[in-house]
Structure formats: structure tokens, C-alpha cells
Amino acid sequence: MELNEIIERSFSLLRKILDESIASKDDDNMQKSFVYRHANNIFYLGKDTIYLLESGRAYSCPIVVRVMLESLFKLVAAMKTPDMAVQIIVSELEEDCDKIAKFPKWLDPAVYAPIAEDYSNQIKHLRKEYGITSPKKWKTLACAEAGQLDGLYRDAYFHLSSHTHATVM
């Protein structure tokens with residue numbers, strides 16, 4: 001099979017998944033919303049990657065692909081474990097609250113304090129509603145491990161990090 005055919009089939013499959021997700025979208029179902037958000041992210045970043053490749057601007061593609069893979073690891077983890085999507089959302093909200101608290105010199109407290117308060121309220125609500133007690137931080141590697149894709153994560157991280165951090169490989 002030619003690379004272009006593989007790419008076209010992959011995008012076609014992802015588009016079908018997105019269309020199905022949109023048709024069954026339930027804003028009250030955290031897992032469906034989470035899966036849709038990450039599938040949508042993968043789809044559009046993939047389209048951007050193809051555009052960059054076709055435009056002869058391939059240097060930034062590894063950075064975009066790395067972000068796509070982060071969404072993929074989160075999506076797979078959420079599909080393998082029923083309440084994983086909410087756990088990941090809580091972890092992301094907590095991480096954002098921590099960043100707001102850590103960087104008051106960078107982020108205007110007048111602007112970001114209400115955001116942090118809103119996130120904190122969302123965290124409390126989600127923890128209570130879904131019975132989430134774990135303080136686990138769901139970083140990308142933890143999501144890849146939960147999805148049994150940690151080998152792929154390590155390979156991808158090694159190959160894609162040199163572009164992300166401008167290091168010599």
C-alpha cells in the first residue's frame with residue numbers, strides 16, 4: 001500500500017469516528033466529550049502536518065506529531081478505563097491551577113485568579129460527582145502506560161524530542 005493511500009484511509013477512518021462522535025455528542029457525558037475533543041485534535045493536527053509536508057515545510061512536523069501523539073495516548077487511556085477521562089481532566093485542571101499559583105509574576109492575578117477559582121470549583125465538583133479520590137498526575141507517559149502504549153511513547157519521545165527542544169541527536 002502506498003503512503004498516500006494509508007494517509008487517506010487513516011484520515012477517512014478518523015473523520016468517520018468524528019462524525020459518529022458529533023452525532024452522539026452528549027455534553028453531559030465526560031468520556032464522549034473527552035474522546036471527541038482528542039480525536040478532533042488529532043484529525044486537525046494531522047491535516048496541518050500533511051499541509052506542512054506538501055508545502056515543503058517539514059521541519060516543524062515532528063513537533064505537531066508529538067502533540068498529536070499526546071492526544072492519542074490520552075484518548076486510548078480514556079477508552080480502556082471507564083472513568084479515566086474524568087481523572088485526566090481533573091489532573092489537567094489541577095496542573096493548570098498549580099501553574100497559575102506558581103507564576104504570579106507572569107500571569108496577572110487580577111485576570112487569572114478567577115480562572116483558578118473556577119478550575120478549583122470544577123475540580124471539586126468532578127471529584128465529588130465521579131468519586132475521584134486519586135491525586136495521580138496524568139502526564140502523557142502515565143496515559144500511555146494506562147493505554148498500554150508506553151513503548152510507543154518512549155520511541156516517539158526519543159525521536160520527536162530533538163525537534164521540540166532543539167537538541168542534537
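**Ser 71.** I began with Ser 71 in this predicted model, and found that, leaving out residues up to four places away in sequence, Ser 71 touches His 38, Asn 41 and Ile 42. Ser 71 belongs to helix 3, and I entered the residue as buried because its relative accessibility is 4%, where the cut-off for buried is under 20%.

**Helix 2.** I then turned to helix 2, where His 38 and Ile 42 are among the buried residues, as are Ser 33, Phe 34, Val 35 and Tyr 36. I checked the length of this helix, residues 30-54, against expectation: at 1.5 Å a residue its 25 residues should span 36 Å, and the C-alpha atoms at its ends are 36 Å apart, so the two agree. At the start of helix 2 I noted that a side-chain oxygen of Asn 29 comes to within 3.1 Å of the backbone nitrogen of Gln 31, and after the helix I found Gly 56, which has a positive phi, near 75°.

**Nonpolar cores.** Which residues have the most contacts inside the largest nonpolar core? I listed Phe 34, Phe 73, Ile 88, Val 90, Leu 126, Trp 138 and Cys 143, in a core of 23 residues. Helix 3 (61-80), helix 4 (84-102), helix 5 (109-130), helix 6 (140-146) and helix 7 (150-165) each give this core at least two residues, and the largest share, eight residues, comes from helix 4. I also recorded a second, separate core of nine residues, with Ala 39, Ile 42, Val 64 and Met 68 among them.

**Trp 138.** I looked up the surroundings of Trp 138 and, setting aside neighbours within four places in sequence, found it in contact with Met 84, Gln 87, Ile 88, Ser 91, Cys 143 and Ala 146.

**Pro 82.** Is Pro 82, in the loop between helix 3 and helix 4, buried or exposed? I entered Pro 82 as exposed, because its relative accessibility is 67% and the cut-off for exposed is over 50%. Pro 82 and Gln 31 stand 51 residues apart in sequence, yet I read a C-alpha to C-alpha distance of 7.7 Å between them.

**Confidence.** Finally I checked how far the model can be read: the chain has an average pLDDT of 84, and 85% of the residues score at least 70. Confidence in the chain is lowest in helix 1 (residues 3-23), with a mean of 68, and highest in helix 6, at 93. Where pLDDT is low, predicted coordinates should not be read in detail, and I have kept that caution beside my entry for helix 1.

Conventions: Residues are numbered from 1 along each chain as its sequence is written. This is a predicted model: local features need pLDDT of at least 70, side-chain atom pairs count only at pLDDT 80 or more; totals for chains, interfaces and linings use all residues. Side-chain values use heavy atoms; hydrogens and water are left out. Helices (H or I, at least four residues) and strands (E, at least two) are DSSP runs, numbered from the N terminus. The expected span of a helix is 1.5 Å times one less than its number of residues. Buried means under 20% relative accessible area, exposed over 50%, partly exposed in between (1.4 Å probe, protein chains only). A polar contact is a pair of N or O atoms within 3.5 Å; within protein, one must be able to donate a hydrogen and the other to accept it, and residues adjacent in sequence count only if both atoms are side-chain atoms. A nonpolar core is a set of buried Ala, Val, Leu, Ile, Met, Phe, Trp, Tyr and Cys residues joined through side-chain atoms within 4.5 Å. Contact means heavy atoms within 4.5 Å. pLDDT is the predictor's confidence in each residue, from 0 to 100.
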